Amino acid sequence: MKILTANRLSDGIAVWYADGGWAETVDHADLAHDKAAEDRLEAIGTKAYADNEVVDVNLIDADVVDGIVEPVRLREKIRAAGPTIRNDLGKQAARAA
Amino acid sequence: MYRYDEFDHDFVQARVAEFSDQVLRRLAGEITEDQFRPLRLMNGVYLQLHAYMLRIAVPYGTLNGKQLRMLGHIARKYDKGYGHFTTRQNIQFNWPALSDIPAILADLASVEMHAIQTSGNCIRNVTADHFAGAAADEVADPRPYAEILRQWSSVHPEFSFLPRKFKIAVTGAERDRAAIQTHDIGLHLKKNAAGELGFAVYIGGGQGRTPMVARKIRDFLPEVDLLSYCTAILRVYNLYGRRDNKYKARIKILVHETGVEEITRQVEAEWQELKDAELKLPDADIRAIQAYFAPPALTDRPDGDAAVKLARLDSKSFSDWLDQNVVTHRHPDYAAVTISLKGIGEVPGDASDSQMEAVADIAEKYAFDELRVSHEQNLILPHVARADLKAVYDALVDIGLATANSNLISDIIACPGLDYCALATARSIPIAQEISRRFASLERQREIGELKLKISGCINACGHHHVGHIGILGVEKKGSELYQVTLGGSADENTSVGEIIGRGFSSEEITDAIEQIVETYLGLRLNPQEKFIDAYRRVGPAPFKEALYAGEAKAA
């Protein structure tokens with residue numbers, strides 16, 4: 001499965017495409033189960049990049065664990081959570097609060 | 001320290017205005033990311049994993065209290081309350097919004113700082129010995145020459161689009177604390193037999209995926225020829241350096257592929273065309289820049305010895321800190337102090353907003369308002385009266401920055417790694433933290449003695465692992481982090497590149513492996529005075545390989 005991720009232009013914060021917009025957490029990112037869905041996500045990313053909403057757009061591998069979307073690679077897990085050495089920073093901080 | 005003149009102020013203000021306009025146009029969608037990326041990089045703005053990153057230049061690592069206080073202010077107001085001091089004597093903020101960058105740059109300009117040329121294929125921040133101007137063993141302060149190079153290289157029209165980035169380091173002492181042989185140009189300030197100042201010139205050092213030790217191409221270059229000779233080197237590089245392959249574009253590859261004799265001939269030939277023209281430094285200009293770096297008026301403070309002796313008796317922790325973090329100054333009543341940013345289990349090089357402000361206060365009160373950032377990711381107070389050392393120590397204890405581990409195994413250089421960096425393939429910081437905790441006992445660290453441990457989270461080697469006595473390189477293998485160990489590197493006047501010792505280790509295994517290496521060293525050293533690096537050079541890798549991998553061979 002693939003999901004669409006990028007960084008928001010104005011503040012650089014990592015975002016994931018979910019439910020018609022860019023969410024600040026990966027949890028409910030739109031999943032592409034097949035090539036056609038991947039192409040659709042990719043087209044959304046290309047348009048959002050061209051519209052100057054986001055930068056560094058990528059389709060990445062993801063799984064669903066207990067109904068929550070999780071990236072597969074460590075790099076993307078860290079983007080989705082925050083630095084592993086500072087739980088008070090990044091997405092994980094907001095989640096804990 | 002250097003103070004901006006009218007030209008400098010106008011130049012930096014103009015750049016702030018220009019880049020602010022570019023940011024506004026980008027946010028308004030008037031310019032594309034492809035157009036904006038080179039502009040933001042020229043101004044130190046990167047995009048990392050979690051957010052933008054802003055890298056701010058600290059020229060040759062020299063700061064005053066007002067500047068450090070401003071960095072603390074920026075950390076608090078625009079970032080997340082901390083900054084990260086880097087191996088290039090700069091500072092990085094990990095979370096700034098692009099929309100805040102114009103305000104940050106305006107704040108920086110108000111204290112004579114900027115982020116220009118902290119990225120891109122240009123001449124980067126010139127680095128220098130962090131004890132420059134204070135060291136008892138230096139021939140002369142190298143910073144005036146670093147400043148001359150800074151002025152010459154700032155928006156240099158010919159050298160703003162080089163094949164690749166270009167780094168220059170300067171030292172003024174035989175004992176090289178600026179790692180000059182790992183730079184594109186390394187300059188060793190020295191005196192000739194006639195007592196005149198000049199430089200031994202090294203070129204082609206570098207780390208990254210192809211580590212190389214710089215080659216000396218000139219034993220003595222008169223100081224007046226500094227800019228003409230550097231221009232000659234840069235011209236040869238700019239003309240012949242490879243642009244077809246990013247990974248072969250640094251001058252080290254050109255030196256290697258051309259041969260040092262031939263490239264020396266080319267540089268010397270180019271220099272002959274330049275040496276007697278407008279780049280010859282007028283003596284008056286050199287002296288004018290040197291005047292900015294005039295040492296503070298160090299009045300005699302002969303009460304220092306008695307005060308230190310008394311305080312030593314009173315506090316073992318103070319005594320330990322004196323032994324480890326305080327070095328001899330050229331004035332016998334003074335000392336240079338290393339403020340360790342390597343507290344046990346802390347993130348190497350990180351300082352909080354309030355720590356930066358407190359250190360600024362200490363510098364203003366006790367250290368003639370002078371500070372340095374070391375390439376080893378610590379802060380330095382270069383001039384402290386020995387009589388004030390206890391007061392400085394107590395103030396550092398109050399802010400958690402009195403760890404007595406300078407040059408010991410927990411004084412680890414580590415790049416940001418995969419916790420922050422978009423290029424990284426593995427994490428560096430958690431490995432540094434775990435090793436630091438494993439060797440937390442100061443008594444044990446001191447028994448081990450000087451040991452430079454350096455960790456990079458990818459092959460680009462920002463954590464200087466190639467030149468660590470023990471180097472650790474994190475890579476990704478089959479989706480997991482794997483840590484490769486090199487031994488025998490060093491970044492001093494006897495620079496060497498470490499050798500890979502064998503198969504890599506998982507994140508769970510690496511700290512045990514490091515401990516095994518250290519225990520092996522302790523078992524084979526001739527005496528407690530034989531440092532790790534000296535013992536390694538004497539015995540080579542075999543005993544370490546045996547200790548790490550013999551069990552596997554038997555099992556197989």
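Helix α11 of chain B (residues 316-325) has B:F318, B:W321, B:L322, B:Q324 and B:N325 as its buried residues. A residue counts as buried if 20 or more other C-beta atoms lie within 10 Å of its own, as exposed if 12 or fewer do, and as partly exposed in between, with C-beta atoms placed from the backbone. Helices (H or I, at least four residues) and strands (E, at least two) are DSSP runs, numbered from the N terminus. The cover over the buried residues of α11(B) includes α10 (304-314), β11 (326-328), β12 (334-339) and α13 (389-398) of chain B. Contact here means that the C-beta atoms of two residues, placed from the backbone, lie within 7 Å.

The model is predicted: local features need pLDDT of at least 70 and side-chain atom pairs count only at pLDDT 80 or more, while totals for chains, interfaces and linings use all residues. Residues are numbered from 1 along each chain as its sequence is written, and chains are lettered from A and ligands numbered from 1 in the order in which they are written. The pLDDT is the predictor's confidence in each residue, from 0 to 100; its mean over chain B is 97, and 99% of the residues of chain B reach 70 or more. For the complex, the predictor gives an ipTM of 0.97 and a pTM of 0.97.

A second helix of chain B, α4 (residues 101-109), has B:I101, B:I104, B:L105 and B:L108 as its buried residues. Seen down the axis of α4(B), these residues fall within an arc of 95°, so they line one face of the helix; the arc is that of the directions from the helix axis to the C-beta atoms. The buried residues of α4(B) pack against α1 (6-27), β1 (45-47), β2 (52-56) and α3 (65-78) of chain B. B:A106 also has its place in helix α4 of chain B, but it counts as partly exposed because it has 14 C-beta neighbours inside 10 Å. The C-alpha atom of B:A106 is separated by 31 Å from that of B:K342, 236 residues apart along the chain.

The loop between α4 and β6 (127-128) of chain B holds B:E112. B:E112 is not a glycine, yet it has a positive phi of about 60°. With 18 C-beta neighbours inside 10 Å, B:E112 counts as partly exposed. A positive phi also appears at B:Q377, a residue other than glycine, where the value is near 70°. B:Q377 lies in the loop between β14 (371-373) and β15 (379-385) of chain B, and it counts as buried because 25 C-beta neighbours lie inside 10 Å.

The largest nonpolar core has 183 residues, of which B:V170, B:I233 and B:L381 touch the most other members. Such a core is a set of buried Ala, Val, Leu, Ile, Met, Phe, Trp, Tyr and Cys residues joined through C-beta atoms within 7 Å. Helix α6 (residues 226-240) of chain B gives the most to this core, with eight residues. Leaving aside residues up to four places away in sequence, B:I233 touches B:I185, B:I203 and B:V267. In soluble globular proteins, nonpolar side chains tend to be buried together.

Strand β19 of chain B (residues 480-487) contains B:L482. B:L482 is partly exposed, with 19 other C-beta atoms within 10 Å. Not counting residues up to four places away in sequence, B:L482 touches B:V475, B:K477, B:G504 and B:S506. The C-alpha atoms of B:L482 and B:Y202 are separated by 34 Å, with their places 280 residues apart along the chain.

In chain A, helix α1 (residues 35-50) has 16 residues that should span 22 Å at 1.5 Å a residue, and its end C-alpha atoms are 22 Å apart, which agrees. The expected span is 1.5 Å times one less than the number of residues. Within α1(A), A:L41, A:G45 and A:A48 are buried; seen down the axis, the buried residues fall within an arc of 65°, so they line one face of the helix. They pack against β1 (2-8), β2 (14-18) and β4 (54-65) of chain A. On the other side of α1(A), the exposed residues include A:K35, A:D39 and A:K47.

Finally, the contact between the chains takes 22 residues from chain A and 22 residues from chain B. On the side of chain A that touches chain B, β4 and α2 (74-81) of chain A each supply at least two residues, and the largest share, four residues, comes from α2(A).
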